[in-house]
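Please take a moment with the sequence and the model before reading on. The paragraphs that follow lead through the spaces inside this protein and the ligand that it holds.

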Amino acid sequence: MPDLPPRPTAPTHRVPRVLSGQKAIVTGANSGIGRAVALAFGQAGADVVVNYVVGDPSADEVVQTIRAEGGRAYAHKADVSNEDQVEAMFKRMIDEFGTVDILVANAGLQRDAAFPEMTLAQWNTVIGVNLTGQFLCARAAVREFLRRGVVPAVSNAAGKIVCMSSVHQAIPWSGHANYAASKGGIKMLMESLAQEMAPHRIRVNSIAPGAIRTPINTAAWQTPAAYERLMTLVPYRRIGEPIDIARAAVWLASDDADYVVGTTLFVDGGMMLFPGFATGG
Ligand code: BGC
């Protein structure tokens, strides 16, 4: 097996302008996957609300980058697990941008603990942000999609939601029961919502990333030993980059994916392929 180095992916200027004139909100958009999605959406022609909860300078940097490339964007601080803050965030978006065409429900976190030691606070924080946060944001987005309906000049759909899930919606994860439960919950939330909303021409789908180089999992890739261990779980033998997920999000949110409804797109370098069975079983 050749020892392949992590491959820095190409710059984002290859993002096609398939979201022109659409209004998008990306939660957790000041770092990691959310940041890459917000930047790619700006390049794809969308106006972008950059939601964040901690880190004003990093949210500002994302906004400035989108503006420097000719896009419209502003940052909005809100905790997605807080109903009032989510409602206020969508109200402002409708005031400033006129409507909502796309929600990328991305905000997520980990509070890892061995199960016997896991506190209720760790459980509640993860379920609150990762799962309840997606419920609150999706509900606010759907209400606006239903109010406005399809505008054919903008999109074939009345609205699109991309839920950021994880391979851990399917792969159990010891030491991370709260996180895996939240992602399993996202799977059924997404599928139930997709089924309920499809007749209204609202498309709801998920992306399930594998190991992506972001701050959430530095311990998994920062040292050569950790990286090598991680690669035993990744048949494609490189870590994912945030832009790998951003490109998938642009496509799912665009009319190029108009017939894609209720699907989970795994973007994981083959992590779902039971890599432990490559040589045995
Ligand atoms: C987690 C990462 C992890 C990856 C693959 C993600 O959902 O947030 O910490 O590296 O799944 O296990």
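**Empty spaces and a filled one**

The second largest cavity encloses about 30 Å³ of space, in a model that is predicted. Its lining is made up of T27, V80, A105, N106, A107, V129, G133, Q134 and C137, and helix 4, which covers residues 120-148, gives the most to this lining, with four residues. Sorted by class, the residues around the second largest cavity are five nonpolar and four polar, with no charged residue among them.

Rolling a probe the size of a water molecule over the atoms shows where empty space is left. In this structure there are two cavities of 30 Å³ or more, and the largest cavity has a volume of about 50 Å³. The residues that line the largest cavity are D101, R148, G149, V150, V151, V154, S155, A157, A158, G159 and K160. Here the classes divide into five nonpolar, three polar and three charged residues, whereas the lining of the second largest cavity has no charged residues.

From the cavities we can turn to the pockets, which are open. How much space lies in the largest pocket? The volume of the largest pocket is about 1,300 Å³, and 50 residues line it, with Q110, Y179, T214, I216 and N217 lying nearest its centre. Several elements of the fold take part in this lining, for helix 1 (32-43), strand 2 (47-52), helix 5 (177-197) and helix 6 (224-231) each supply at least two residues. By class, the lining of the largest pocket has 29 nonpolar, 16 polar and five charged residues.

Where does the ligand sit? The ligand is found in the largest pocket, and the residues around the ligand are Q110, S166, H168, W173, Y179, G210, A211, I216, N217 and M271. This shell around the ligand divides into five nonpolar and five polar residues, and no charged residue belongs to it, although five charged residues do appear in the lining of the largest pocket.

Three side chains around the ligand deserve a closer look, and each of them is paired with an oxygen atom of the ligand. In S166, an N or O atom of the side chain is 2.6 Å from an oxygen atom of the ligand, while a polar side-chain atom of H168 lies 2.7 Å from a ligand oxygen atom. For Y179, the distance between an N or O atom of the side chain and an oxygen atom of the ligand is 2.6 Å. Taken alone, the ligand exposes 310 Å², and the protein buries 89% of that area.

Technical notes:
Residues numbered from 1 in each chain as written. Predicted model: local features only at pLDDT ≥ 70, side-chain atom pairs only at ≥ 80, totals over all residues. Heavy atoms only, no water. Near = heavy atom within 4 Å. Polar contact = N/O pair within 3.5 Å; in protein donor to acceptor, adjacent residues only side chain to side chain. Areas by Shrake-Rupley, 256 points an atom, 1.4 Å probe, with all protein chains shown as cover. 1 Å grid on protein atoms, 1.4 Å probe; cavity = no way out; pocket = protein on both sides within 12 Å on 5 of 7 lines; lining within 4 Å. Sits in = over half its atoms within 2 Å of the grid points. Nonpolar A, V, L, I, M, F, W, Y, C, P; charged D, E, K, R; others polar. Points joined across faces, edges and corners; volume = space filled by probe spheres on them.
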